[in-house]
Amino acid sequence: MSEETPGFEEKPDVPADGTPEEPKAADSADRAEGAAPAGDATDVALLAQLDQARTALDERTADLQRLQAEYQNYRRRVERDRVTVKEVAVAGLLSDLLPVLDDIGRARDHGELVGGFKSVAESLETVVAKMGLQQFGKEGEPFDPTVHEALMHSYAPDVTETTCVAILQPGYRIGERTIRPARVAVAEPQPGAQPGGAAAKAEESDDSEQDSE
């Protein structure tokens with residue numbers, strides 16, 4: 001009979017291939033399977049935050065572009081209004097000077113623009129020209145009711161359309177703005193008279209027929 005050592009129990013031999021370690025491997029696999037869903041949830045949350053950031057960036061970009069467009073429109077309106085206000089102010093000032101310019105013109109026509117008065121008048125005309133004042137209206141030009149004001153009317157055999165035959169007062173403009181229309185005397189063709197060109201052609205035709213005979 002063999003004697004057993006008191007206080008000790010025999011333990012099974014542990015194989016060298018590490019079979020008893022299998023439970024630990026199984027525990028690691030269980031932990032990995034449990035951690036996988038947590039990682040997916042984190043990725044989803046990050047993607048959601050990224051989409052929110054992109055959406056916010058697009059909104060801010062659109063707001064910035066809209067503000068920039070509004071600012072550009074505001075600048076254009078301010079510049080346009082500034083130019084308009086300046087033109088109105090200059091037109092108002094020059095309108096008050098038109099009677100003086102008319103007196104200067106009449107004095108020049110009568111040969112009275114001499115001496116110191118001539119120098120002052122020419123200086124004034126130079127200043128108003130620099131401010132953009134332009135004179136218009138010439139004899140012989142077609143009558144245009146948008147820039148001419150007819151004060152006298154007559155008929156003439158040598159015109160083919162309503163024509164300005166005399167400038168009573170010149171017109172003035174600043175750029176495209178008419179301050180005062182040109183005040184003119186107009187002439188129209190004689191009622192029933194043939195236009196000058198047609199009459200001349202008819203006369204030439206008669207002369208040719210007589211020569212041929």
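Biologist: Where does leucine 93 sit?
Modeller: Leucine 93 is part of helix 1. Bear in mind that this is a predicted model.

Biologist: And is leucine 93 buried, partly exposed or exposed?
Modeller: Partly exposed, because its relative accessibility is 44%, and the partly exposed class lies between the 20% limit for buried and the 50% limit for exposed.

Biologist: How far is the C-alpha of leucine 93 from that of valine 128?
Modeller: Those two C-alpha atoms are 9.8 Å apart, while 35 residues separate leucine 93 and valine 128 along the chain.

Biologist: Staying with helix 1, which residues does it span?
Modeller: Helix 1 covers residues 22-109, and tyrosine 74 is in it too.

Biologist: What about the exposure of tyrosine 74?
Modeller: Tyrosine 74 has a relative accessible area of 46%, so it counts as partly exposed.

Biologist: Which residues make up the nonpolar patch with Tyr74?
Modeller: Tyr71 and Val78 join Tyr74 there, on the surface. Together the three have about 310 Å² of accessible area.

Biologist: OK, zooming out. How many helices and strands are there?
Modeller: The protein has three helices and six strands. Going from the N terminus, the order is α-α-β-β-β-β-β-β-α.

Biologist: How do strands 1, 4 and 5 go together?
Modeller: They make an open sheet in the order 1-4-5, and the pairing is antiparallel. Strand 1 (133-136) and strand 5 (177-180) are the edge strands, each pairing on one side only. On average, neighbouring strands in this sheet are turned by 35° against each other, ignoring direction.

Biologist: How many bridges hold strand 4 and strand 5 in register?
Modeller: Three bridges, in the antiparallel sense, with strand 4 being residues 171-174. Tyrosine 172 has arginine 180 of strand 5 as its bridge partner, and isoleucine 174 stands opposite arginine 177, also in strand 5.

Biologist: What's in the turn between strand 4 and strand 5?
Modeller: That hairpin has two residues between the strands, and glycine 175 takes a positive phi near 60°.

Biologist: Now the other sheet. What's the order of strands 2, 3 and 6 there?
Modeller: The order is 2-6-3, in an open sheet with mixed pairing. Its edge strands are strand 2 (148-156) and strand 3 (163-169), and each of these pairs on one side only. Neighbouring strands here are turned by 25° against each other on average, direction ignored.

Biologist: Parallel or antiparallel for strand 3 and strand 6?
Modeller: Antiparallel, over five bridges, with strand 6 running through residues 182-189. As an example, isoleucine 167 has valine 184 in strand 6 as its bridge partner.

Biologist: Back to the whole protein: what share of the residues is buried?
Modeller: Buried residues are 15% of the 213 in the protein.

Biologist: And how much surface does the protein expose?
Modeller: About 16500 Å², of which carbon and sulfur atoms supply 54%.

Biologist: Last one, on contacts. What fraction comes from residues 24 or more positions apart?
Modeller: Counting contacts with a separation of 6 or more, 65% are between residues 24 or more positions apart.

How values were computed
Residues are numbered from 1 along each chain as its sequence is written. This is a predicted model: local features need pLDDT of at least 70, side-chain atom pairs count only at pLDDT 80 or more; totals for chains, interfaces and linings use all residues. Side-chain values use heavy atoms; hydrogens and water are left out. Two strands pair if DSSP finds at least two bridges between them. Helices (H or I, at least four residues) and strands (E, at least two) are DSSP runs, numbered from the N terminus. Axes are lines fitted to C-alpha atoms, for helices over the stretch in contact, and angles run from 0 to 180 degrees between N-to-C directions. Patches are made of residues with over 30% relative accessible area and no salt bridge: like charges are joined within 9 Å, nonpolar side chains (Val, Leu, Ile, Met, Phe, Trp, Tyr) within 5 Å. Accessible areas come from the Shrake-Rupley method with a 1.4 Å probe; for residues, only the protein chains shown count as cover. A salt bridge is a side-chain nitrogen of Lys or Arg within 4 Å of a carboxyl oxygen of Asp or Glu. Buried means under 20% relative accessible area, exposed over 50%, partly exposed in between (1.4 Å probe, protein chains only). Contact means heavy atoms within 4.5 Å.
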